[in-house]
Structure formats: structure tokens, C-alpha cells
Amino acid sequence: MNAAHVHLALNHFPILLPLIALTLLILGLVFKNDLVIRIAYGMMMASGIFTFFMMNSGEGAEEI
């Protein structure tokens, strides 16, 4: 698997994860469920990690 494959595989996570996490966060706040709120915060952190990897794999994908 080369850099272009990695970049394309990770490309959609930084876009979709915050939207799903925001939905979960709103549901957790409405229903006052602490577990759902923590999962939403974890998904936001995972989104940041995926964004870091995607940005770093973009340069190699550009060369290919």
C-alpha cells in the first residue's frame, strides 16, 4: 500500500467523524447520558488524529 492509498483511505474520516460526533454530543446532552458525551469527545479526538495522518500522507500522494 503506497502513500496515495493511505491518503485516500483516510481522506473521509476527518470530515465524517466530527459530524457524527456532533450528533452524538447533542443527543448525549439532550438525554443527559454521560457515556454518549464521552464517546462523542473521543470521536472528536480520533478525528484530529486522522487529520494529522491524512495531512502527512498528502505529500507522498501528491508525488505519485
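In this predicted model, the cover over the buried residues of α2 includes α1 (3-10) and α3. The residues tucked away in α2 are Pro14, Leu17, Ala21, Leu25 and Gly28. Looking down the axis of α2, these buried residues fall within an arc of 70°, so they line one face of the helix. The other side of α2 is a different story, with Ile15, Leu19, Val30 and Phe31 exposed there.

As for its dimensions, α2 has 19 residues and spans 26 Å from its first C-alpha to its last. That is close to the 27 Å expected at 1.5 Å a residue. Just after α2 comes Lys32, with a positive phi of about 55°.

Next, the aromatic rings. Searching the whole structure turns up 2 aromatic pairs. In one of them, Phe13 and Phe50, the ring centres are 4.6 Å apart and the planes sit at 20°; planes under 30 degrees apart count as stacked, so this pair is stacked. The pair ties together distant parts of the chain, as Phe13 belongs to helix α2 (residues 13-31) and Phe50 to helix α3 (residues 34-63), with their positions 37 residues apart in the numbering. Neither ring's residue makes it into the buried class, for which the cut-off is under 20% relative accessible area: Phe13 counts as partly exposed at 37% relative accessibility, and Phe50 counts as partly exposed at 27%. Helix α3 thus enters the picture of α2 twice, as part of what covers its buried residues and as the home of Phe50, the stacking partner of Phe13.

How values were computed:
Residues numbered from 1 in each chain as written. Predicted model: local features only at pLDDT ≥ 70, side-chain atom pairs only at ≥ 80, totals over all residues. Heavy atoms only, no water. Phe/Tyr/Trp six-rings, centres within 6.5 Å; stacked < 30°, edge-to-face > 60°. Helix = DSSP H or I, 4+ residues; strand = E, 2+ residues; numbered from the N terminus. Buried < 20%, exposed > 50% of the residue type's maximum accessible area, 1.4 Å probe, protein only. Expected span 1.5 Å × (residues − 1). Arc of directions from axis to C-beta. Contact = heavy atoms within 4.5 Å.
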